[in-house]
Protein chains: 2
Amino acid sequence: MHDSSQQALGQRALVTGGTGFIGSHLVEHLRAAGWVIHILVRPDGEHMARPSAGVHIHPYRGQTADVIEAMERSRPDVVFHLASLFLAQHTAQQIVPLIETNVLLGVQLLEAMSGAGVKSLVNTGTSWQHFHSDSYLPVNLYAATKQAFEDILAYYADAEGIHAVTLSLFDSYGPGDRRKKLLRLLLDCLETNGELQMSTGEQILDLVHVDDLCEAFLHAARLVRDPKHPPMACYAVSGGERMSLREIVATLERTAGRTLRIDWGARPSRPREVMHLWDGPAMPGWLPRIKLVDGLKALLNERSHCV
Amino acid sequence: MHDSSQQALGQRALVTGGTGFIGSHLVEHLRAAGWVIHILVRPDGEHMARPSAGVHIHPYRGQTADVIEAMERSRPDVVFHLASLFLAQHTAQQIVPLIETNVLLGVQLLEAMSGAGVKSLVNTGTSWQHFHSDSYLPVNLYAATKQAFEDILAYYADAEGIHAVTLSLFDSYGPGDRRKKLLRLLLDCLETNGELQMSTGEQILDLVHVDDLCEAFLHAARLVRDPKHPPMACYAVSGGERMSLREIVATLERTAGRTLRIDWGARPSRPREVMHLWDGPAMPGWLPRIKLVDGLKALLNERSHCV
């Protein structure tokens, strides 16, 4: 019997962003599939979750030499690049960290991969690179920096033979999410029975459960090493149930059996609010499995245990 | 009588790379056309030419705040972004300065422009973003970082209403060129009667005289403020006489009336040597004026006065 866990036994992963929300889940999925896991971590990282036992930690202090050393020590079969600085809107003070995290770190990874003969990268993009579903029109500076990195990746792919799959993400959710994003606001509101001010709620969201996302990353790691797969590819990782913010709230209310106090229209839309999502190509061989209603149920259970 | 000098009187320019080869010539052309000139300069800059009298100098130490301050003090009508770190081939140690100079500085400029309401940018790209004449396939990491910056420029153009003309450059030459590039090698060789080892010499070059280039930048500064011109454009700045390296050497030999001692084929081609040049769109309203043979004659005269 061959299952994917057995095939992966002893394979080595180098993960960036491995202490973040998606990254820390990915580390667990990789471990369950038998991978040996190395993570690149800023020693001064904020919001840093405690990495799991048995994970090899390599420090990153911003230097190319740090990444080269991590690459040489870990000799990964696949690099999973999830580290990013996410900002829906930025200030002038955030220009330097945005470029450092979303461009420089990735280029340092590619340079270190080239030097060490590591050929396979699973990269993380954002559907926000495709405002109005354009082939490229970034919603915000965050998305523009992601595209900037992909253009540099194109050089390493062509000149150094690096193969890459970029997963373009929409919104993610799941257990242990400490990010101050929409679902957490809604769940907090359920608990406290507070009132929430919202925009008109007509924007469409594509929420993907983090377990589905992690399986997408594992599947991408198979594709990127498949000689029949194109050397560069980018896939939209959709949860399969696109709905408006109002529909999501209605689904949560049904699941929780309670009503949320929401003042629709009290907040203006964000400048460059995304009202229509990108219809990018789906990744062949991967499908989401967790329906939003089931993901929400699990989140509500988790919450009720914590309170 | 209206000539371009009079129209430009009192206009303000902020120039990056203003102490480099092309930039220092551009400062002279701007001054001759009546512009008030501000330059952004690294206090520790290597190869730094002495800026001309009357040029306002603003220090850049890598911080976004430095650029914001320069923008607020200079309030330019047009920003000319020429600063770049050029590397035909890079090492791992050059990753950080490449990203800082070719990506970060440009983003800091755009952010500062947005904050100060400055809308017009003349940017410098490279024909090397178009290996094999592809719409985008970078020859080297330098060219990839130039494209990465243009991705970010697309965001500021769309979100902040910045207008930009990017001039995609080929090779440049002219008086006062201290860069260790091909023509200087050839001229040195003429002087010393030394032998030069070359590749087979079949690659095609497009040499543009720096005075023509400067006029292209000034013309771009008119287009970028013309409401009838598209808000984002990229033009190939060709000298109009593409020839092989062998033909350039033959032209130089005819002009100098002497023969160069060149061992053709003694050196291997560079990896990813560009054999065919990009056929990008020409800038409407601008044409090069200086023929290669005249430019070479002037260089030879300059040399003979120095010896």
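In this predicted model, the loop that joins α3 to β4 (78–81) in chain B is home to B:Arg75. The backbone there does something a bit unusual for a residue with a side chain: B:Arg75 is not a glycine, yet its phi is positive, at about 40°. As for its surroundings, B:Arg75 has 13 C-beta neighbours inside 10 Å, so it counts as partly exposed.

Chain A offers another case. A:Asn193 is not a glycine either, and its phi is positive at about 60°. This residue sits in the loop between α6 (182–192) and β8 (195–197) of chain A. Here the count of C-beta neighbours inside 10 Å is 10, and A:Asn193 is therefore classed as exposed. The cut-off for that class is 12 or fewer, whereas a residue needs 20 or more to be buried.

On to how the chains pair up. Contacts between them involve 27 residues of chain B and 27 residues of chain A. On the chain B side, three helices each put in at least two residues: α3 (64–74), α4 (95–116) and α5 (141–160). The top contributor is α5(B), which hands over 11 residues. Sorted by class, this side of chain B comes out as 17 nonpolar, 6 polar and 4 charged residues.

The geometry of the pair is easy to state. Chain B lands on chain A after a rotation of 180° with 0.0 Å of shift along the axis, and the RMSD is 0.0 Å. The two copies are thus related as by a two-fold rotation axis. Which residue of chain B comes closest to that rotation axis? It is B:Ala148, whose C-alpha lies 2.0 Å away from the axis. The interface fits this picture too: 100% of the interface residues of chain B are also interface residues in chain A, so the copies meet through the same surface.

Within chain A, the domain assignment gives two domains, both built from separate stretches of sequence. Domain 1 of chain A takes in 6–175 + 206–237, while domain 2 covers 182–204 + 241–279 + 289–306. Their centres, taken over C-alpha atoms, are 28 Å apart. The contact between these domains draws on 19 residues from domain 1 of chain A and 17 residues from domain 2 of chain A. On the domain 1 side, β10 (207–209) and α7 (210–223) of chain A each supply at least two of the touching residues. That side of domain 1 of chain A is made up of 9 nonpolar, 7 polar and 3 charged residues.

Key:
Residues are numbered from 1 along each chain as its sequence is written. Chains are lettered from A and ligands numbered from 1 in the order in which they are written. This is a predicted model: local features need pLDDT of at least 70, side-chain atom pairs count only at pLDDT 80 or more; totals for chains, interfaces and linings use all residues. Domain bounds come from an automatic or database domain assignment. Two residues are in contact if their C-beta atoms, placed from the backbone, lie within 7 Å. Helices (H or I, at least four residues) and strands (E, at least two) are DSSP runs, numbered from the N terminus. Ala, Val, Leu, Ile, Met, Phe, Trp, Tyr, Cys and Pro count as nonpolar, Asp, Glu, Lys and Arg as charged, and the others, Gly among them, as polar. Copies are superposed by least squares on the C-alpha atoms of residues with pLDDT of at least 70 in both.
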